Structure formats: structure tokens, C-alpha cells
Amino acid sequence: MKFLKGGTAIYPEDLDAWLTKAGVKLETGDAVLIRTGRWARRAAEGLWKYEENTAGLHASCLPWLKKHDVAVVGSDLATDVLPSGVEGVNMPLHQVLIVAMGTPILDNCDFEAVGEAANTRKRWSFLLTTAPLAVDGGTGSPINPIAVF
């Protein structure tokens, strides 16, 4: 599958299944990176209203992320499935991860090259480094993440 269809929710059991399939043990302080196939979808379907029809994590993943003491969550889209499925809350993961848990989010990443490198090596864990800019009064920063296998 090159990409998840718009509105596809990823649930805790999906995350557990991937860890089992990949043979990865998630440890305290790890980053969890979610590749939905956003760029493949854009190539196949063109632009879409991402706020209305995007694959991503369901709000039920929040306790899972907290239980695993994840330090960073990244996605090739907006992290949250949209629509969120939570009445009255557009992006519950953003609200809880950033505000309540203090967990940085890396949105709109391009994971194609790192996905290919991981698949070639059959290795799904690596050192991830980022260096966000200090932006006075800012709530975000462009980054150039680096994966070291």
C-alpha cells in the first residue's frame, strides 16, 4: 500500500501490530514517526483539503503514547486523523501532546527517503536528530531532521 486513504484512523492496536511486525521495542524517550504516504497520495490524487480528509492517529492513541513515554511524535501530515472523530475537537493529538504532555510534534515531514533506507536495511530504529530554530514568540520552527542508522 503506497498511502492510506483520507480519513483513515490509526489506532493503538495498529501501532502495537507494527512494533510486532517490525520487531521493534519502543523505549522511554523514543520518537514515533508515522508515514501515511501523504506524498504518494498527492502524486496519485493531486491536492486535497487536508483539514477535511487526512489519515493520521486517532485520539485513542494518546494513552498509548503516554504509556510508552514517547518523547517526540512525527508525521508526514498533521499527526491527527481528520476529521478527528472527537466531537467539537479538531486536532485532539495536537492539543494534548503539546499542551498537556509537553511532547513536541514534527508535522508535514517527508519520510520517503528514510522509509526507503529503513526498508532496504530491514531496520526500523535509528538515531533521529533535529535542531529547531529559536523563534521569539514562535510555536514552531522549520527543521532538517537527520536519521543515522
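**Entry 1: the core**

I looked up the largest nonpolar core of this predicted model. It has 17 residues. L15, V32, L57, W64, L65 and L97 have the most contacts inside it. Next I asked which elements supply at least two residues each. They are α1 (12-22), β2 (31-34), α3 (61-67) and α4 (92-100). The largest share comes from α3, with four residues. My background note says that nonpolar side chains tend to be buried together in soluble globular proteins.

**Entry 2: V32 and strand β2**

I picked V32 from the core list. Leaving out residues up to four places away in sequence, I found that V32 touches L26, W64, L65, V70, V72, V73 and G74. Of these, W64 and L65 are also on the list of residues with the most contacts inside the core.

Then I followed the side chains along β2. Which of them are buried? V32 and I34 point to one face and are buried. A31 and L33 point to the other face and are not buried. I noted the general rule beside this: in a regular strand the side chains alternate between the two faces of the sheet.

**Entry 3: the sheet**

I traced the strand order next. Three strands form an open sheet, in the order β2-β4-β5. The pairing is parallel. The edge strands are β2 and β5 (105-106), and each pairs on one side only.

I took a closer look at β2 and β4. How many bridges do they pair over? I found four, in the parallel sense. I34 has S75 in β4 as its bridge partner. I34 is also one of the buried side chains of β2.

**Entry 4: a buried arginine**

I turned to R41. It lies in helix α2 (residues 38-45). Is R41 buried or exposed? Its relative accessibility is 4%, so it counts as buried. I then listed what it touches, not counting residues up to four places away in sequence. The contacts are F3, L4, G6, G46, W48, N53 and T54.

**Entry 5: the cysteines**

I searched the whole structure for disulfides and found zero. Why is C61 not bonded to C109? The sulfur of C109 is the closest cysteine sulfur to that of C61, but the two are 17 Å apart, too far for a bond. A disulfide needs the two sulfur atoms within 2.5 Å. I checked from the other side as well: C109 is in no disulfide, and its nearest cysteine sulfur is that of C61.

I also looked up how accessible these cysteines are. C61 is buried, at 0% relative accessibility. C109 is buried too, with a relative accessible area of 10%.

**Entry 6: backbone oddities**

I wrote down the general expectation first. Most residues other than glycine have a negative phi, and most peptide bonds are trans.

Then I looked for exceptions. A cis peptide bond joins L82 and P83, with omega about 0 degrees. P83 lies in the loop between β4 (72-75) and α4.

D69 has a positive phi, near 50 degrees, and is not a glycine. It sits in the loop between α3 and β4. Its relative accessible area is 39%, so D69 is partly exposed.

K122 also has a positive phi, near 55 degrees. Where is K122? I found it in the loop between α5 (112-121) and β6 (127-129). Its relative accessibility is 59%, so K122 counts as exposed.

Terms used
Residues are numbered from 1 along each chain as its sequence is written. This is a predicted model: local features need pLDDT of at least 70, side-chain atom pairs count only at pLDDT 80 or more; totals for chains, interfaces and linings use all residues. Side-chain values use heavy atoms; hydrogens and water are left out. Buried means under 20% relative accessible area, exposed over 50%, partly exposed in between (1.4 Å probe, protein chains only). Contact means heavy atoms within 4.5 Å. A nonpolar core is a set of buried Ala, Val, Leu, Ile, Met, Phe, Trp, Tyr and Cys residues joined through side-chain atoms within 4.5 Å. Two strands pair if DSSP finds at least two bridges between them.
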